[in-house]
Amino acid sequence: MKKTSQRSLAAAMIFFVAFTGLAFGFDFTRIEKEVKEKTLDNGLKIIVLERHDAPVASFVTLANVGGCDDPKGYSGLAHMFEHMAFKGTRTIGTEDIEQEMKLIAVEDSIYMELRSERLKGDAADEAKLAVLEKAYDDAREASFKLVVPNEFSQIVEREGGVGVNAGTSKDFTVYMMSYPSNKTELWMRMESDRFKNPVLREMYKERDVIMEERHQVLESSPFGRTLEELLAAAFKAHPYGISIIGHESDIRNYTREKAMEYYKEYYVPENLVVCIVGDVKSKDIFKMAEKYWGDIPHSPKPEQVTIIEPEQKAERRILLEDPSQPLFTAGFHIPAATHPDFPIIEALADHLGQGRTSLLYKKLVKEKKTAAQVGVYVGYPASKYPTFFLVYAIPTPGSDVADIEADIWAELEKIKSEPLPAEEVEKIKSRARANFIFGLDSNMGMAMQLAIYQTVGGNWHEMFANIDRINAITAEDIQRVANEYFGKQNRTVAIMETASK
(Lines give C-alpha, C1' and ligand atoms only; values in the text may rest on other atoms or scores of the structure.)
Protein backbone atom coordinates (compact mmCIF):
# COMPACT_ATOMS: atom_id res chain seq x y z
CA MET A 1 0.00 0.00 0.00
CA LYS A 2 2.86 2.24 0.40
CA LYS A 3 6.27 2.44 -1.13
CA THR A 4 8.31 -0.20 0.66
CA SER A 5 10.74 -1.63 -1.88
CA GLN A 6 12.99 -0.70 -4.80
CA ARG A 7 12.94 -2.46 -8.15
CA SER A 8 16.17 -3.90 -9.45
CA LEU A 9 18.45 -1.51 -11.30
CA ALA A 10 17.88 -3.37 -14.56
CA ALA A 11 14.11 -3.12 -14.30
CA ALA A 12 14.34 0.52 -13.28
CA MET A 13 16.54 1.31 -16.28
CA ILE A 14 14.18 -0.48 -18.69
CA PHE A 15 11.32 1.52 -17.27
CA PHE A 16 13.36 4.71 -17.35
CA VAL A 17 14.14 4.33 -21.06
CA ALA A 18 10.62 3.22 -22.01
CA PHE A 19 8.81 5.87 -20.03
CA THR A 20 11.13 8.87 -20.08
CA GLY A 21 8.54 10.88 -21.95
CA LEU A 22 5.88 9.82 -19.48
CA ALA A 23 7.92 10.56 -16.38
CA PHE A 24 9.23 13.95 -17.37
CA GLY A 25 6.52 15.05 -19.77
CA PHE A 26 3.71 13.98 -17.47
CA ASP A 27 1.21 16.82 -17.39
CA PHE A 28 0.15 16.73 -13.76
CA THR A 29 -1.73 19.99 -14.05
CA ARG A 30 -3.92 18.58 -16.82
CA ILE A 31 -4.57 15.32 -14.99
CA GLU A 32 -5.35 17.09 -11.73
CA LYS A 33 -7.96 19.18 -13.52
CA GLU A 34 -9.51 16.02 -14.99
CA VAL A 35 -10.11 14.46 -11.57
CA LYS A 36 -13.69 15.02 -10.44
CA GLU A 37 -15.03 14.64 -6.92
CA LYS A 38 -18.36 14.75 -5.16
CA THR A 39 -19.26 14.47 -1.52
CA LEU A 40 -22.71 13.06 -0.80
CA ASP A 41 -24.90 14.57 1.88
CA ASN A 42 -24.02 11.68 4.19
CA GLY A 43 -20.30 12.47 3.88
CA LEU A 44 -19.17 9.81 1.38
CA LYS A 45 -16.51 11.16 -0.97
CA ILE A 46 -16.42 9.88 -4.58
CA ILE A 47 -13.32 10.58 -6.70
CA VAL A 48 -13.36 9.85 -10.44
CA LEU A 49 -10.73 10.08 -13.18
CA GLU A 50 -11.96 9.31 -16.67
CA ARG A 51 -9.55 7.32 -18.84
CA HIS A 52 -11.10 6.11 -22.08
CA ASP A 53 -8.13 4.16 -23.48
CA ALA A 54 -9.85 0.78 -22.94
CA PRO A 55 -13.37 -0.32 -21.87
CA VAL A 56 -12.33 -1.17 -18.32
CA ALA A 57 -12.29 0.56 -14.97
CA SER A 58 -10.71 0.01 -11.56
CA PHE A 59 -12.67 0.46 -8.35
CA VAL A 60 -11.26 1.18 -4.89
CA THR A 61 -13.15 1.58 -1.64
CA LEU A 62 -10.92 2.76 1.18
CA ALA A 63 -12.05 2.79 4.79
CA ASN A 64 -10.09 5.15 7.02
CA VAL A 65 -9.71 2.48 9.68
CA GLY A 66 -6.86 0.07 10.29
CA GLY A 67 -5.06 -1.88 12.96
CA CYS A 68 -4.35 1.31 14.91
CA ASP A 69 -8.06 1.66 15.56
CA ASP A 70 -8.59 -1.81 17.06
CA PRO A 71 -10.34 -1.66 20.44
CA LYS A 72 -8.44 -2.75 23.53
CA GLY A 73 -8.79 -6.49 23.93
CA TYR A 74 -9.69 -6.88 20.25
CA SER A 75 -6.39 -6.39 18.45
CA GLY A 76 -6.62 -7.50 14.82
CA LEU A 77 -10.33 -6.64 14.52
CA ALA A 78 -9.78 -4.37 11.48
CA HIS A 79 -8.12 -7.31 9.75
CA MET A 80 -10.97 -9.61 10.78
CA PHE A 81 -13.55 -7.24 9.32
CA GLU A 82 -11.68 -7.20 6.02
CA HIS A 83 -12.25 -10.96 5.88
CA MET A 84 -15.90 -10.51 6.85
CA ALA A 85 -16.52 -8.07 3.98
CA PHE A 86 -16.29 -10.98 1.53
CA LYS A 87 -18.80 -13.15 3.36
CA GLY A 88 -21.81 -11.57 1.69
CA THR A 89 -24.89 -9.63 2.68
CA ARG A 90 -28.54 -10.30 3.41
CA THR A 91 -29.06 -11.06 -0.30
CA ILE A 92 -25.68 -12.52 -1.26
CA GLY A 93 -24.18 -15.64 0.32
CA THR A 94 -27.30 -17.23 1.82
CA GLU A 95 -30.02 -19.69 0.91
CA ASP A 96 -32.48 -18.36 3.49
CA ILE A 97 -31.51 -15.17 5.31
CA GLU A 98 -34.31 -15.24 7.88
CA GLN A 99 -33.56 -18.78 8.98
CA GLU A 100 -29.83 -18.15 8.86
CA MET A 101 -30.11 -15.12 11.16
CA LYS A 102 -32.07 -17.21 13.68
CA LEU A 103 -29.36 -19.88 13.65
CA ILE A 104 -26.63 -17.23 13.95
CA ALA A 105 -28.41 -15.87 17.04
CA VAL A 106 -28.37 -19.36 18.57
CA GLU A 107 -24.70 -19.75 17.69
CA ASP A 108 -23.88 -16.40 19.32
CA SER A 109 -25.83 -17.21 22.45
CA ILE A 110 -24.00 -20.50 23.01
CA TYR A 111 -20.65 -18.97 22.13
CA MET A 112 -21.04 -16.13 24.64
CA GLU A 113 -21.81 -18.64 27.38
CA LEU A 114 -18.78 -20.70 26.33
CA ARG A 115 -16.58 -17.60 26.20
CA SER A 116 -17.69 -16.55 29.69
CA GLU A 117 -16.80 -19.97 31.10
CA ARG A 118 -13.42 -20.02 29.34
CA LEU A 119 -12.52 -16.61 30.75
CA LYS A 120 -12.72 -18.06 34.25
CA GLY A 121 -9.38 -19.71 33.54
CA ASP A 122 -8.42 -22.36 36.09
CA ALA A 123 -11.77 -21.92 37.83
CA ALA A 124 -13.72 -22.98 34.73
CA ASP A 125 -15.96 -26.05 35.01
CA GLU A 126 -14.40 -28.62 32.66
CA ALA A 127 -17.59 -30.66 32.34
CA LYS A 128 -19.59 -27.56 31.48
CA LEU A 129 -16.95 -26.50 28.97
CA ALA A 130 -17.18 -29.86 27.20
CA VAL A 131 -20.98 -29.61 26.92
CA LEU A 132 -20.84 -26.01 25.69
CA GLU A 133 -18.11 -26.72 23.16
CA LYS A 134 -20.16 -29.56 21.65
CA ALA A 135 -23.28 -27.38 21.51
CA TYR A 136 -21.26 -24.52 20.00
CA ASP A 137 -19.77 -26.72 17.27
CA ASP A 138 -23.21 -28.06 16.39
CA ALA A 139 -24.71 -24.56 16.23
CA ARG A 140 -21.86 -23.31 14.07
CA GLU A 141 -22.31 -26.13 11.59
CA ALA A 142 -26.11 -25.63 11.53
CA SER A 143 -25.81 -21.97 10.51
CA PHE A 144 -23.12 -22.81 7.94
CA LYS A 145 -25.50 -25.19 6.11
CA LEU A 146 -27.44 -22.18 4.82
CA VAL A 147 -24.32 -20.35 3.57
CA VAL A 148 -23.45 -20.13 -0.15
CA PRO A 149 -19.65 -20.00 0.24
CA ASN A 150 -17.74 -17.25 -1.61
CA GLU A 151 -20.81 -16.15 -3.56
CA PHE A 152 -19.75 -12.49 -3.55
CA SER A 153 -16.40 -13.20 -5.26
CA GLN A 154 -17.98 -15.76 -7.58
CA ILE A 155 -20.48 -13.20 -8.89
CA VAL A 156 -17.68 -10.70 -9.53
CA GLU A 157 -15.58 -13.22 -11.43
CA ARG A 158 -18.57 -14.55 -13.39
CA GLU A 159 -19.37 -11.01 -14.55
CA GLY A 160 -15.81 -10.37 -15.74
CA GLY A 161 -14.30 -8.82 -12.63
CA VAL A 162 -10.59 -9.35 -11.96
CA GLY A 163 -8.17 -8.52 -9.20
CA VAL A 164 -10.74 -8.95 -6.43
CA ASN A 165 -8.74 -8.28 -3.30
CA ALA A 166 -8.46 -6.35 -0.07
CA GLY A 167 -5.78 -5.37 2.39
CA THR A 168 -5.53 -4.12 5.95
CA SER A 169 -2.75 -1.84 7.11
CA LYS A 170 -2.26 -0.15 10.45
CA ASP A 171 -3.72 3.01 8.84
CA PHE A 172 -6.59 1.89 6.60
CA THR A 173 -8.45 -0.99 4.96
CA VAL A 174 -8.82 -1.09 1.19
CA TYR A 175 -11.08 -3.12 -1.11
CA MET A 176 -10.32 -3.30 -4.83
CA MET A 177 -11.28 -4.88 -8.14
CA SER A 178 -11.46 -4.10 -11.85
CA TYR A 179 -14.42 -4.63 -14.17
CA PRO A 180 -15.41 -4.09 -17.79
CA SER A 181 -16.80 -0.57 -17.72
CA ASN A 182 -20.30 -1.77 -18.67
CA LYS A 183 -20.44 -3.51 -15.26
CA THR A 184 -20.01 -0.28 -13.31
CA GLU A 185 -23.54 -0.26 -11.95
CA LEU A 186 -23.22 -3.89 -10.85
CA TRP A 187 -20.09 -2.94 -8.88
CA MET A 188 -21.86 0.07 -7.38
CA ARG A 189 -24.81 -2.05 -6.28
CA MET A 190 -22.76 -4.91 -4.80
CA GLU A 191 -20.14 -2.70 -3.15
CA SER A 192 -22.69 -0.48 -1.44
CA ASP A 193 -24.68 -3.55 -0.36
CA ARG A 194 -21.77 -5.18 1.42
CA PHE A 195 -21.13 -2.04 3.46
CA LYS A 196 -24.81 -1.28 4.09
CA ASN A 197 -25.98 -4.79 4.91
CA PRO A 198 -23.08 -6.90 6.16
CA VAL A 199 -23.84 -10.28 7.63
CA LEU A 200 -20.88 -11.41 9.68
CA ARG A 201 -21.50 -15.01 8.73
CA GLU A 202 -18.82 -17.66 9.24
CA MET A 203 -17.12 -15.31 11.70
CA TYR A 204 -16.05 -18.01 14.11
CA LYS A 205 -14.90 -20.26 11.27
CA GLU A 206 -12.91 -17.36 9.82
CA ARG A 207 -11.38 -16.69 13.22
CA ASP A 208 -9.73 -20.10 12.94
CA VAL A 209 -8.34 -19.08 9.53
CA ILE A 210 -6.84 -15.94 11.06
CA MET A 211 -5.33 -17.94 13.91
CA GLU A 212 -3.59 -20.10 11.31
CA GLU A 213 -2.50 -16.97 9.44
CA ARG A 214 -0.91 -15.64 12.61
CA HIS A 215 0.87 -18.95 13.09
CA GLN A 216 2.30 -18.94 9.57
CA VAL A 217 3.13 -15.25 9.19
CA LEU A 218 4.47 -14.55 12.68
CA GLU A 219 5.00 -17.52 14.95
CA SER A 220 6.50 -19.92 12.37
CA SER A 221 8.46 -17.23 10.54
CA PRO A 222 11.77 -16.11 12.07
CA PHE A 223 11.53 -12.87 10.10
CA GLY A 224 7.95 -12.24 11.17
CA ARG A 225 8.66 -13.05 14.79
CA THR A 226 11.73 -10.79 14.86
CA LEU A 227 9.85 -7.87 13.33
CA GLU A 228 7.00 -8.32 15.80
CA GLU A 229 9.45 -8.08 18.69
CA LEU A 230 11.24 -5.12 17.08
CA LEU A 231 8.05 -3.08 16.74
CA ALA A 232 6.86 -4.03 20.23
CA ALA A 233 10.13 -2.70 21.63
CA ALA A 234 10.20 0.43 19.45
CA PHE A 235 6.61 1.52 20.13
CA LYS A 236 5.85 1.54 23.84
CA ALA A 237 2.60 3.52 23.56
CA HIS A 238 1.46 3.85 19.96
CA PRO A 239 -0.52 0.96 18.38
CA TYR A 240 2.05 0.69 15.56
CA GLY A 241 3.76 -1.66 18.02
CA ILE A 242 0.96 -4.27 17.78
CA SER A 243 0.67 -6.74 14.90
CA ILE A 244 -2.12 -6.14 12.37
CA ILE A 245 -3.18 -9.77 12.82
CA GLY A 246 -3.59 -9.25 16.57
CA HIS A 247 -2.73 -11.16 19.71
CA GLU A 248 -3.75 -14.81 19.88
CA SER A 249 -5.81 -14.36 23.04
CA ASP A 250 -7.72 -11.47 21.47
CA ILE A 251 -8.45 -13.38 18.28
CA ARG A 252 -9.68 -16.35 20.28
CA ASN A 253 -12.20 -14.15 22.12
CA TYR A 254 -13.65 -12.10 19.25
CA THR A 255 -17.42 -11.72 19.38
CA ARG A 256 -19.80 -10.95 16.54
CA GLU A 257 -21.44 -8.27 18.69
CA LYS A 258 -18.15 -6.37 19.12
CA ALA A 259 -17.33 -6.71 15.43
CA MET A 260 -20.70 -5.21 14.53
CA GLU A 261 -20.15 -2.32 16.94
CA TYR A 262 -16.80 -1.72 15.29
CA TYR A 263 -18.40 -1.72 11.84
CA LYS A 264 -21.09 0.75 12.91
CA GLU A 265 -18.48 3.14 14.30
CA TYR A 266 -15.91 3.09 11.49
CA TYR A 267 -17.67 1.97 8.30
CA VAL A 268 -19.70 5.14 8.00
CA PRO A 269 -19.86 7.28 4.82
CA GLU A 270 -17.85 10.08 6.42
CA ASN A 271 -15.00 7.61 6.91
CA LEU A 272 -15.04 6.06 3.41
CA VAL A 273 -13.53 7.13 0.10
CA VAL A 274 -14.54 5.61 -3.26
CA CYS A 275 -12.14 6.08 -6.17
CA ILE A 276 -12.90 5.01 -9.74
CA VAL A 277 -10.45 5.33 -12.64
CA GLY A 278 -11.14 4.16 -16.18
CA ASP A 279 -13.70 4.20 -18.96
CA VAL A 280 -16.53 5.80 -17.02
CA LYS A 281 -18.29 9.16 -17.00
CA SER A 282 -18.13 11.09 -13.76
CA LYS A 283 -21.69 12.42 -14.05
CA ASP A 284 -22.99 8.85 -14.36
CA ILE A 285 -20.89 7.73 -11.40
CA PHE A 286 -22.19 10.52 -9.18
CA LYS A 287 -25.77 9.71 -10.14
CA MET A 288 -25.28 6.02 -9.33
CA ALA A 289 -23.55 6.91 -6.07
CA GLU A 290 -26.58 8.89 -4.97
CA LYS A 291 -28.82 5.95 -5.86
CA TYR A 292 -26.83 3.18 -4.15
CA TRP A 293 -24.93 4.97 -1.34
CA GLY A 294 -27.01 8.07 -0.69
CA ASP A 295 -29.57 6.36 1.53
CA ILE A 296 -26.99 5.47 4.19
CA PRO A 297 -27.61 7.77 7.17
CA HIS A 298 -24.93 10.26 8.12
CA SER A 299 -22.83 9.43 11.18
CA PRO A 300 -20.05 11.47 12.77
CA LYS A 301 -16.52 10.76 11.59
CA PRO A 302 -14.85 8.55 14.22
CA GLU A 303 -12.02 9.98 16.26
CA GLN A 304 -8.54 9.19 15.01
CA VAL A 305 -5.73 7.83 17.19
CA THR A 306 -4.54 10.48 19.64
CA ILE A 307 -1.73 8.53 21.28
CA ILE A 308 1.69 10.10 20.74
CA GLU A 309 4.73 7.86 21.04
CA PRO A 310 7.09 9.31 23.70
CA GLU A 311 10.49 10.42 22.49
CA GLN A 312 12.98 7.56 22.72
CA LYS A 313 15.83 8.42 25.09
CA ALA A 314 18.11 5.40 24.75
CA GLU A 315 18.89 2.52 22.41
CA ARG A 316 16.73 -0.60 22.87
CA ARG A 317 18.00 -4.07 21.98
CA ILE A 318 16.23 -7.41 21.62
CA LEU A 319 18.00 -10.76 21.26
CA LEU A 320 16.05 -13.83 20.08
CA GLU A 321 17.25 -17.40 19.62
CA ASP A 322 15.94 -19.81 17.01
CA PRO A 323 17.24 -22.87 15.13
CA SER A 324 16.91 -20.81 11.92
CA GLN A 325 19.60 -18.70 10.26
CA PRO A 326 20.53 -15.42 11.96
CA LEU A 327 18.85 -12.12 11.10
CA PHE A 328 19.59 -8.48 11.80
CA THR A 329 16.83 -5.84 12.04
CA ALA A 330 16.94 -2.31 13.37
CA GLY A 331 15.19 0.99 12.97
CA PHE A 332 14.70 4.61 13.95
CA HIS A 333 11.65 6.71 14.75
CA ILE A 334 10.80 9.15 11.93
CA PRO A 335 7.93 11.57 11.22
CA ALA A 336 4.66 10.72 9.48
CA ALA A 337 4.24 10.73 5.69
CA THR A 338 2.74 14.22 5.77
CA HIS A 339 5.87 15.73 7.34
CA PRO A 340 8.10 17.77 4.99
CA ASP A 341 11.10 15.58 5.91
CA PHE A 342 9.44 12.33 4.82
CA PRO A 343 10.41 12.49 1.09
CA ILE A 344 13.94 13.46 2.14
CA ILE A 345 14.14 10.39 4.38
CA GLU A 346 12.90 8.30 1.44
CA ALA A 347 15.78 9.71 -0.63
CA LEU A 348 18.23 8.78 2.13
CA ALA A 349 16.79 5.25 2.23
CA ASP A 350 17.22 4.90 -1.53
CA HIS A 351 20.90 5.81 -1.27
CA LEU A 352 21.55 3.73 1.84
CA GLY A 353 19.83 0.44 1.17
CA GLN A 354 17.39 0.20 -1.74
CA GLY A 355 18.54 -1.53 -4.89
CA ARG A 356 21.80 -2.96 -6.17
CA THR A 357 23.53 0.42 -6.39
CA SER A 358 22.90 1.30 -2.73
CA LEU A 359 25.71 1.64 -0.20
CA LEU A 360 24.68 -1.38 1.85
CA TYR A 361 24.19 -3.69 -1.12
CA LYS A 362 27.59 -2.83 -2.59
CA LYS A 363 29.34 -3.09 0.78
CA LEU A 364 27.73 -6.17 2.33
CA VAL A 365 26.49 -8.26 -0.60
CA LYS A 366 28.94 -7.53 -3.42
CA GLU A 367 32.21 -6.60 -1.68
CA LYS A 368 32.33 -8.34 1.68
CA LYS A 369 29.76 -11.03 0.83
CA THR A 370 28.70 -11.06 4.49
CA ALA A 371 25.00 -10.59 3.67
CA ALA A 372 22.80 -12.55 1.30
CA GLN A 373 20.16 -9.85 1.43
CA VAL A 374 19.94 -6.31 2.75
CA GLY A 375 17.24 -3.66 2.58
CA VAL A 376 15.67 -0.51 3.94
CA TYR A 377 11.96 0.34 4.35
CA VAL A 378 10.53 3.77 5.09
CA GLY A 379 7.24 4.06 6.96
CA TYR A 380 7.10 0.63 8.58
CA PRO A 381 4.53 -0.60 9.47
CA ALA A 382 2.52 2.42 8.20
CA SER A 383 2.88 6.17 7.89
CA LYS A 384 -0.27 8.13 8.81
CA TYR A 385 1.32 8.74 12.22
CA PRO A 386 5.00 9.15 13.25
CA THR A 387 6.56 5.92 12.12
CA PHE A 388 9.70 3.81 11.70
CA PHE A 389 12.70 3.51 9.38
CA LEU A 390 13.59 -0.18 9.08
CA VAL A 391 16.96 -1.71 8.14
CA TYR A 392 17.46 -5.46 7.80
CA ALA A 393 20.18 -7.88 6.71
CA ILE A 394 20.29 -11.66 6.29
CA PRO A 395 23.87 -12.86 6.91
CA THR A 396 25.59 -15.40 4.72
CA PRO A 397 26.66 -18.66 6.45
CA GLY A 398 29.55 -18.05 8.81
CA SER A 399 29.19 -14.26 8.82
CA ASP A 400 29.09 -12.37 12.10
CA VAL A 401 25.97 -10.28 12.73
CA ALA A 402 28.04 -7.86 14.84
CA ASP A 403 30.28 -7.13 11.86
CA ILE A 404 27.27 -6.52 9.62
CA GLU A 405 25.75 -4.16 12.17
CA ALA A 406 29.02 -2.22 12.44
CA ASP A 407 29.21 -1.87 8.66
CA ILE A 408 25.63 -0.62 8.44
CA TRP A 409 26.24 2.10 11.01
CA ALA A 410 29.52 3.01 9.29
CA GLU A 411 27.71 3.59 5.98
CA LEU A 412 25.09 5.68 7.74
CA GLU A 413 27.83 7.77 9.36
CA LYS A 414 29.23 8.52 5.90
CA ILE A 415 25.92 10.08 4.94
CA LYS A 416 25.94 12.10 8.15
CA SER A 417 29.49 13.37 7.78
CA GLU A 418 29.40 14.95 4.33
CA PRO A 419 26.84 15.91 1.67
CA LEU A 420 26.28 13.49 -1.19
CA PRO A 421 27.69 14.43 -4.60
CA ALA A 422 25.24 16.44 -6.71
CA GLU A 423 25.11 13.76 -9.41
CA GLU A 424 24.16 11.09 -6.85
CA VAL A 425 21.30 13.26 -5.54
CA GLU A 426 20.03 13.68 -9.11
CA LYS A 427 20.08 9.90 -9.62
CA ILE A 428 18.08 9.40 -6.42
CA LYS A 429 15.53 11.99 -7.51
CA SER A 430 15.26 10.49 -11.00
CA ARG A 431 14.52 7.05 -9.55
CA ALA A 432 11.95 8.54 -7.17
CA ARG A 433 10.18 10.35 -10.00
CA ALA A 434 10.19 7.27 -12.20
CA ASN A 435 8.82 5.03 -9.43
CA PHE A 436 6.13 7.54 -8.58
CA ILE A 437 4.98 7.90 -12.19
CA PHE A 438 5.10 4.13 -12.71
CA GLY A 439 2.65 3.71 -9.84
CA LEU A 440 0.16 6.02 -11.56
CA ASP A 441 0.33 4.44 -15.01
CA SER A 442 -2.37 1.81 -14.38
CA ASN A 443 -5.99 2.55 -13.55
CA MET A 444 -5.68 0.62 -10.30
CA GLY A 445 -2.44 2.36 -9.35
CA MET A 446 -3.98 5.77 -9.90
CA ALA A 447 -7.18 4.87 -8.01
CA MET A 448 -5.17 3.51 -5.07
CA GLN A 449 -2.95 6.58 -4.85
CA LEU A 450 -5.86 8.99 -5.04
CA ALA A 451 -7.60 7.12 -2.23
CA ILE A 452 -4.49 6.93 -0.05
CA TYR A 453 -3.56 10.58 -0.51
CA GLN A 454 -7.13 11.56 0.33
CA THR A 455 -6.99 9.49 3.52
CA VAL A 456 -3.40 9.68 4.75
CA GLY A 457 -2.53 13.01 3.18
CA GLY A 458 -5.88 14.59 3.92
CA ASN A 459 -6.45 15.67 0.31
CA TRP A 460 -5.95 13.89 -3.01
CA HIS A 461 -4.55 17.10 -4.50
CA GLU A 462 -1.40 16.48 -2.43
CA MET A 463 -0.52 13.63 -4.79
CA PHE A 464 0.09 16.07 -7.61
CA ALA A 465 2.59 18.04 -5.52
CA ASN A 466 4.76 14.98 -4.95
CA ILE A 467 7.07 15.62 -7.92
CA ASP A 468 7.71 19.15 -6.63
CA ARG A 469 8.64 17.73 -3.22
CA ILE A 470 11.05 15.30 -4.86
CA ASN A 471 12.59 17.97 -7.06
CA ALA A 472 13.22 20.21 -4.05
CA ILE A 473 15.45 17.69 -2.23
CA THR A 474 19.09 18.74 -1.80
CA ALA A 475 22.24 17.00 -0.58
CA GLU A 476 22.17 19.23 2.49
CA ASP A 477 18.62 18.09 3.24
CA ILE A 478 19.69 14.43 3.19
CA GLN A 479 22.64 15.13 5.46
CA ARG A 480 20.43 17.10 7.85
CA VAL A 481 17.79 14.38 8.30
CA ALA A 482 20.52 11.76 8.72
CA ASN A 483 21.88 13.68 11.68
CA GLU A 484 18.48 14.62 13.07
CA TYR A 485 16.77 11.22 13.14
CA PHE A 486 19.47 8.55 13.03
CA GLY A 487 21.19 8.85 16.38
CA LYS A 488 21.92 5.90 18.64
CA GLN A 489 19.45 7.04 21.30
CA ASN A 490 16.64 6.83 18.70
CA ARG A 491 17.59 3.31 17.62
CA THR A 492 15.95 -0.06 18.32
CA VAL A 493 17.70 -3.31 17.34
CA ALA A 494 16.34 -6.86 17.21
CA ILE A 495 18.67 -9.74 16.33
CA MET A 496 17.80 -13.37 15.71
CA GLU A 497 20.69 -15.69 16.67
CA THR A 498 20.96 -19.33 15.67
CA ALA A 499 20.31 -21.38 18.78
CA SER A 500 22.25 -24.53 19.49
CA LYS A 501 20.21 -27.69 18.97
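Is L440 buried or exposed? Select L440 to find out. This is a predicted model. L440 is buried, with a relative accessible area of 0%. Buried here means under 20%, so L440 qualifies.

**Stop 1: around L440**

Widen the selection to helix α17, residues 422-440, where L440 is found. Now show what touches the side chain and backbone of this residue. Leaving aside neighbours within four places in sequence, L440 is in contact with F28, R51, G445, M446, Q449 and M463. Contact means heavy atoms within 4.5 Å. Next, pick L450. L440 and L450 lie 10 residues apart in sequence, and their C-alpha atoms are 9.4 Å apart in space.

**Stop 2: helix α18**

Select residues 443-455. This is helix α18, with 13 residues. From first C-alpha to last, α18 reaches 18 Å, close to the 18 Å expected at 1.5 Å a residue. Colour α18 by accessibility. How many of the 13 residues of α18 are buried? The count is 12, so α18 is largely enclosed by the rest of the structure. Label the buried ones: N443, M444, G445, M446, A447, M448, L450, A451, I452, Y453, Q454 and T455. Two of these labels, G445 and M446, also appear among the contacts of L440.

**Stop 3: α16 against α20**

Move to helix α16, residues 401-417, and helix α20, residues 475-485. Draw both axes. They are 7 Å apart, and the helices pack at an angle of about 125°. The two helices are therefore oblique to each other. The crossing of α16 and α20 is left-handed. Now select the residues that make the contact. From α16, take I415, K416 and S417; from α20, take I478, Q479, A482 and N483. By class, the residues of this contact divide into 3 nonpolar, 3 polar and 1 charged.

**Stop 4: α14 against α20**

Keep α20 on screen and add helix α14, residues 342-353. What is the angle at which the axes of α14 and α20 cross? Roughly 95°, and the axes come within 9 Å. The pair is therefore roughly perpendicular. On the α14 side, the contact is made by I344, I345, A347 and L348. On the α20 side, select D477, I478, R480, V481, A482 and Y485. This contact has 8 nonpolar residues, no polar ones and 2 charged.

End the tour on two residues of α20. I478 and A482 take part in the contact with α16, and both also take part in the contact with α14.

Terms used: Residues numbered from 1 in each chain as written. Predicted model: local features only at pLDDT ≥ 70, side-chain atom pairs only at ≥ 80, totals over all residues. Heavy atoms only, no water. Helix = DSSP H or I, 4+ residues; strand = E, 2+ residues; numbered from the N terminus. Buried < 20%, exposed > 50% of the residue type's maximum accessible area, 1.4 Å probe, protein only. Expected span 1.5 Å × (residues − 1). Axes fitted to C-alpha atoms, helices over the stretch in contact; angles between N-to-C directions. Parallel < 35°, antiparallel > 145°, perpendicular 65-115°, else oblique. Left-handed = near helix turned anticlockwise from the far one by under 90°. Nonpolar A, V, L, I, M, F, W, Y, C, P; charged D, E, K, R; others polar.
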